[in-house]
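Me: I am new to this structure and would like to understand the reasons behind the terms applied to it. Please explain each term by setting the value against its cut-off.

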Amino acid sequence: MKRRSPRLLLAAYALALVALGFVHHPGLLAGLLGLALLLTGRERWALLKKSLAAILIFNLSVSLGYLLLQAWQGRSSGTYLLIMNLRVLLMVFLGFWLVRRVNLLQALAPWPTATLILALTLGQIETCRRLLADFRLAFMSRHPEPAGLRARVRHGASQAITVLDKSLAASTEASQALRSRGAFDA
């Protein structure tokens, strides 16, 4: 298969995200998701599984809240909820596909500020990934037997608090560093 330019794929991805905002029919969105699955080849199921895992908790909680609000107001708008969830799934799926296919640092090379922001973002992702791996190992070392629900919930809460705290501190530090270098000057 012929390799495409990373900037061309990045532009196509951005265009696809904009275009998804104008699709208001669940059947068309499902068809686009099916087409994306078809075009991604052998990696389709791994990408779909990763996409579903990435959005499941957030979308489930937002969707449940939306359904409860609609029920409380005496309205029913399952179609809107289906459209939003299909859009999000398709956007995340395409995002994971893009990241697998394109070296984003190379694609953003002509724009130094975008490259800097991406490098900082990748650093944050790696920091969080390592932190979560350390938490997982610590949890396993403290619980040689399968842990109960209470222990898992406490561990998850500790993870969430630590990751949020570290993310906030790191993002504050990064934004101050960018500001001192004039990255936000117009």
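The exchange below concerns a predicted model and takes its terms one at a time.

Me: Why is leucine 39 called exposed?

Reply: The relative accessible area of leucine 39 is 64%. Exposed means over 50%, so leucine 39 falls in that class. Leucine 39 is found in helix α2, which covers residues 26-39.

Me: What makes Leu35, Leu38 and Leu39 a nonpolar patch?

Reply: Nonpolar side chains, Leu among them, are joined within 5 Å when the residues have over 30% relative accessible area and no salt bridge. Leu35, Leu38 and Leu39 form such a patch on the surface, and together they have about 330 Å² of accessible area.

Me: Is threonine 40 buried or exposed, and how do you know that?

Reply: Threonine 40 has a relative accessible area of 9%. The limit for buried is under 20%, and threonine 40 is therefore buried. Its place is in the loop between α2 and α3. The C-alpha atom of threonine 40 is separated by 12 Å from that of glycine 95, although the two residues are 55 residues apart along the chain.

Me: Why is the pair of tyrosine 66 and tyrosine 80 called tilted?

Reply: The ring centres of tyrosine 66 and tyrosine 80 are 5.6 Å apart, and rings pair if their centres lie within 6.5 Å. The planes stand at 45 degrees. Planes under 30 degrees apart count as stacked and those over 60 as edge-to-face, with the rest tilted, so this pair is tilted. The structure holds one aromatic pair.

Me: What makes this a link between distant parts of the chain?

Reply: Tyrosine 66 lies in helix α3 (residues 44-72) and tyrosine 80 in helix α4 (residues 78-101), 14 residues apart. As for its surroundings, tyrosine 80 has a relative accessible area of 42%. That value lies between the limits of 20% and 50%, so tyrosine 80 is partly exposed.

Me: How do you know that arginine 100 forms a salt bridge with glutamate 43?

Reply: The closest N and O atoms of arginine 100 and glutamate 43 are 3.6 Å apart. A salt bridge needs a side-chain nitrogen of Lys or Arg within 4 Å of a carboxyl oxygen of Asp or Glu, and the pair therefore qualifies. Arginine 100 is in helix α4 and glutamate 43 in the loop between α2 and α3, 57 residues apart, so that the bridge links distant parts of the chain. Arginine 100, at 44% relative accessibility, counts as partly exposed, and glutamate 43, at 23%, is partly exposed as well.

Me: How many salt bridges does the count come to?

Reply: The count comes to three salt bridges. One of them joins arginine 129 and glutamate 126, with the closest N and O atoms 2.5 Å apart. Another joins the side chains of arginine 130 and glutamate 126, at 3.1 Å from N to O. Both distances are within the 4 Å limit.

Me: What makes Glu126, Arg129 and Arg130 one network?

Reply: Salt bridges that share partners join Glu126, Arg129 and Arg130 into one network. Arginine 129 and glutamate 126 are three residues apart in helix α6, and are therefore separated by about one helical turn. Arginine 130 and glutamate 126 also lie in helix α6, four residues apart, about one turn of the helix.

Me: Why is arginine 130 called exposed, while arginine 129 is called partly exposed?

Reply: Arginine 130 has 53% relative accessibility, and the limit for exposed is over 50%; arginine 130 therefore counts as exposed. Arginine 129, at 48%, counts as partly exposed. Glutamate 126, with a relative accessible area of 27%, is partly exposed too.

Me: Which elements give two or more residues to the lining of the second largest pocket?

Reply: They are α4 and α6. The lining includes Phe96, Arg100, Leu118 and Ile125, and about 260 Å³ of space lies in this pocket.

Me: Why is leucine 118 called buried?

Reply: Leucine 118, in helix α6, has a relative accessible area of 13%. Since buried means under 20%, leucine 118 is buried. The C-alpha atoms of leucine 118 and leucine 105 are separated by 7.2 Å.

Terms used
Residues are numbered from 1 along each chain as its sequence is written. This is a predicted model: local features need pLDDT of at least 70, side-chain atom pairs count only at pLDDT 80 or more; totals for chains, interfaces and linings use all residues. Side-chain values use heavy atoms; hydrogens and water are left out. Patches are made of residues with over 30% relative accessible area and no salt bridge: like charges are joined within 9 Å, nonpolar side chains (Val, Leu, Ile, Met, Phe, Trp, Tyr) within 5 Å. Accessible areas come from the Shrake-Rupley method with a 1.4 Å probe; for residues, only the protein chains shown count as cover. Buried means under 20% relative accessible area, exposed over 50%, partly exposed in between (1.4 Å probe, protein chains only). Rings of Phe, Tyr and Trp (its six-membered ring) pair if their centres lie within 6.5 Å; planes under 30 degrees apart count as stacked, over 60 as edge-to-face and the rest as tilted. On a 1 Å grid over the protein atoms alone, a cavity is a set of points where a 1.4 Å probe fits but cannot get out, and a pocket is an open set with protein on both sides within 12 Å along at least five of seven lines; lining residues have an atom within 4 Å of a point. Grid points are joined across faces, edges and corners, and a volume is the space filled by probe spheres set on the points.
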